[in-house]
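Me: I'm new to this structure and would like a close look at a single part. Could you walk me through the aromatic pairs?
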Amino acid sequence: MAEDQREQVEMANRASETEPARDGKQSFTRPVSLVTWTLATFDTTLFVLLGVLAVHASGDLADLLAGLNTLVGVAVFCYLWALFVLAVRWVHRRVPLDSAGVRTLVLHGTAAGSVAGVTFLLGLLAVALVSTLQSGGVRLQSVLLVLLIGVGVASVVGGVVGLLASLLDIAVYGLAGTLLPELGSERVTDPRRQ
């Protein structure tokens with residue numbers, strides 16, 4: 001009897017995972033899996049750590065930190081973290097980590113990284129533009145020039161970060177599967193978008 005109920009629950013879960021989303025809102029209301037949260041947090045922390053170490057190695061870390069405060073630092077980290085979560089979620093919705101090829105995962109990771117890089121830049125530019133407008137004197141040509149060059153650079157940098165993060169995620173996920181083989185048959189990523 002208990003096995004029948006468990007089987008019915010599993011069938012209902014499988015049916016809801018394979019059922020196509022009726023609209024975009026339904027797709028975004030699904031909870032994010034623990035694997036997505038974990039990999040996105042790992043990627044964000046590693047990205048920030050490598051950035052801080054690179055700035056420290058150049059000798060500019062003290063000057064950079066003197067111009068920031070804790071609230072700004074936490075806000076930038078949370079913004080970056082949210083972008084990583086959305087990017088990793090987008091990739092996992094389309095490509096399962098456990099059965100897709102490396103090339104497919106890397107291509108999706110690169111695309112998600114490019115979009116996340118541009119979104120990160122646009123968020124920073126919006127904040128900078130508001131503070132510049134308050135002080136007065138903004139030239140539209142300067143804003144457009146910075147926007148055009150910045151979007152190109154941000155998409156390339158974001159794509160490279162997405163590519164490297166995808167390779168790292170594949171390696172970490174494979175290592176976890178090797179260390180915990182009993183979980184290999186469980187579905188732990190987000191259900192694919194239909």
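Reply: Happy to. Keep in mind that this is a predicted model. There are 4 aromatic pairs in the structure, and two of them are worth taking one at a time.

Start with Trp37 and Trp81, which pair edge-to-face, with 6.1 Å from centre to centre and 70° between the planes. The angle earns that name because anything over 60 degrees counts as edge-to-face. Trp37 sits in helix H3 and Trp81 in helix H5, so this pair links distant parts of the chain, 44 residues apart. Trp37 is partly exposed, with a relative accessible area of 39%, and Trp81 is partly exposed as well, at 30%.

Now look at Phe47 and Phe84. This pair is tilted, with 5.8 Å centre to centre and 50° between the planes. Again helices H3 and H5 are involved: Phe47 lies in H3 and Phe84 in H5, so the pair ties together parts that are 37 residues apart in sequence. What about their surroundings? Phe47 counts as partly exposed because its relative accessibility is 34%, whereas Phe84, at 12%, counts as buried. The cut-off behind that split is 20%, and buried means under it.

Back to the tryptophans for a moment: ring pairs link Trp37 and Trp81 with Phe77 into a cluster.

The helices H3 (34-58) and H5 (70-94) also turn up in the lining of the largest pocket, where they are among the elements that give two or more residues. H5 provides the largest share of that lining, 6 residues.

Note on methods
Residues numbered from 1 in each chain as written. Predicted model: local features only at pLDDT ≥ 70, side-chain atom pairs only at ≥ 80, totals over all residues. Heavy atoms only, no water. Helix = DSSP H or I, 4+ residues; strand = E, 2+ residues; numbered from the N terminus. Phe/Tyr/Trp six-rings, centres within 6.5 Å; stacked < 30°, edge-to-face > 60°. Buried < 20%, exposed > 50% of the residue type's maximum accessible area, 1.4 Å probe, protein only.
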